[in-house]
Amino acid sequence: MAYISTQALVLRSVNWRENDRIITLLTPDRGRVEALVRGSRKPKSALMAASQLFTLGNYVLFKGKGHELVVSCEVKDSYYPLRGDYDKLSYASIILSSAEMAVQLEEPQPHLMILLIRTLTRLAYTDLDDRAVTSAYLLHFISLIGYKPRLAHCVSCSKEIKDGREGWLDPQAGGLLCKNCKNTHTTSMKLEPDAVMWLRSVLIQGIEKSLSLPRVIPLLQIKKYVEYVLDRQLPQLPEYISRL
Ligand SMILES: [Zn+2]
């Protein structure tokens, strides 16, 4: 039996019994950790914040027989602005869900941890476009888990897809297809030339140094790409986006 001290981010939280919660944490060294937070739903519980979605903190966990327990939590950030904004909350849910679907128990995830903290910080505290932040996250996320899409050359015929040309993003093929090859795949999704160039710049330079935003941010396409790779559905985009 042992006490473990770790930085952690709450990816999921479900009610358990009368007053408790079971949380899924992402930790840098142990990947996914499931832990019980006893009494966290009581009104004056010191562990209430520790069991809420998006909470980032230094957790002390106790690993004995049965459920691992949260003993204490020093909250570092609760990303409060995400909680009162329906759109931001929807994007943040997509972000956390994708991580929750991919991380395994006792599989270290230091890079995903950094990516998530940076992404939630951008979403909560900066003026960067929410759809762009979410698209950039998803692109880096699938790259981190081993499915980096190839964006410079057609994945079918290897011809260069030059700047100013449209491309067709295809999760089955593993990246962009050119105009000639798009019809050979049923899962390809069209990207306008400015979206192709923006995605390339995000992947190489990161969102803060990327090119100016494309006319239509390719969030729908990237989200579908990730859903195909994970073989799972992510939460819905905010409705007004879905209608575009
Ligand atoms: Zn081709």
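Visitor: What makes two strands count as a pair in this sheet?

Guide: Two strands pair if DSSP finds at least two bridges between them, a strand being a DSSP run of E with at least two residues and a helix a run of H or I with at least four, both numbered from the N terminus. This is a predicted model, in which local features need pLDDT of at least 70 and side-chain atom pairs count only at pLDDT 80 or more, while totals for chains, interfaces and linings use all residues. Residues are numbered from 1 along each chain as its sequence is written.

Visitor: How do you know that β6 and β7 are paired?

Guide: Three bridges join strand β6 (residues 167–170) to β7, and the two run antiparallel; since a pair requires at least two bridges, the condition is met. Within this pairing, L169 stands opposite L176 in β7.

Visitor: Why is one side of β7 and of β8 left without a neighbour in the sheet?

Guide: The sheet is open, with three strands in the order β7-β6-β8 and antiparallel pairing. β7 (175–177) and β8 (189–191) stand at the edges with a single partner strand each, so one side of each has no neighbour in the sheet.

Visitor: Why is L169 called buried?

Guide: L169, which is placed in strand β6, has 25 other C-beta atoms within 10 Å. A residue is buried if 20 or more other C-beta atoms lie within 10 Å of its own, exposed if 12 or fewer, and partly exposed in between, with C-beta atoms placed from the backbone, and therefore L169 is buried. Leaving aside neighbours within four places in sequence, L169 is in contact (C-beta atoms, placed from the backbone, within 7 Å) with residues including P149, L176, M189 and Y225.

Visitor: What makes α1 roughly parallel to α3?

Guide: Helix α1 (residues 86–102) and helix α3 (residues 130–144) pack at an angle of about 0°, with their axes 10 Å apart. Axes are lines fitted to C-alpha atoms, for helices over the stretch in contact, and angles run from 0 to 180 degrees between N-to-C directions. Angles under 35 degrees count as roughly parallel, over 145 as roughly antiparallel, 65 to 115 as roughly perpendicular and the rest as oblique, so α1 is roughly parallel to α3. Among the residues that meet are Y91 and I94 in α1, and Y137 and F141 in α3.

Visitor: Which domains does the assignment give, and where do their bounds come from?

Guide: The bounds come from an automatic or database domain assignment, which gives domain 1 (1–127) and domain 2 (130–237). Their C-alpha centres lie 29 Å apart.

How values were computed:
Two residues are in contact if their C-beta atoms, placed from the backbone, lie within 7 Å.
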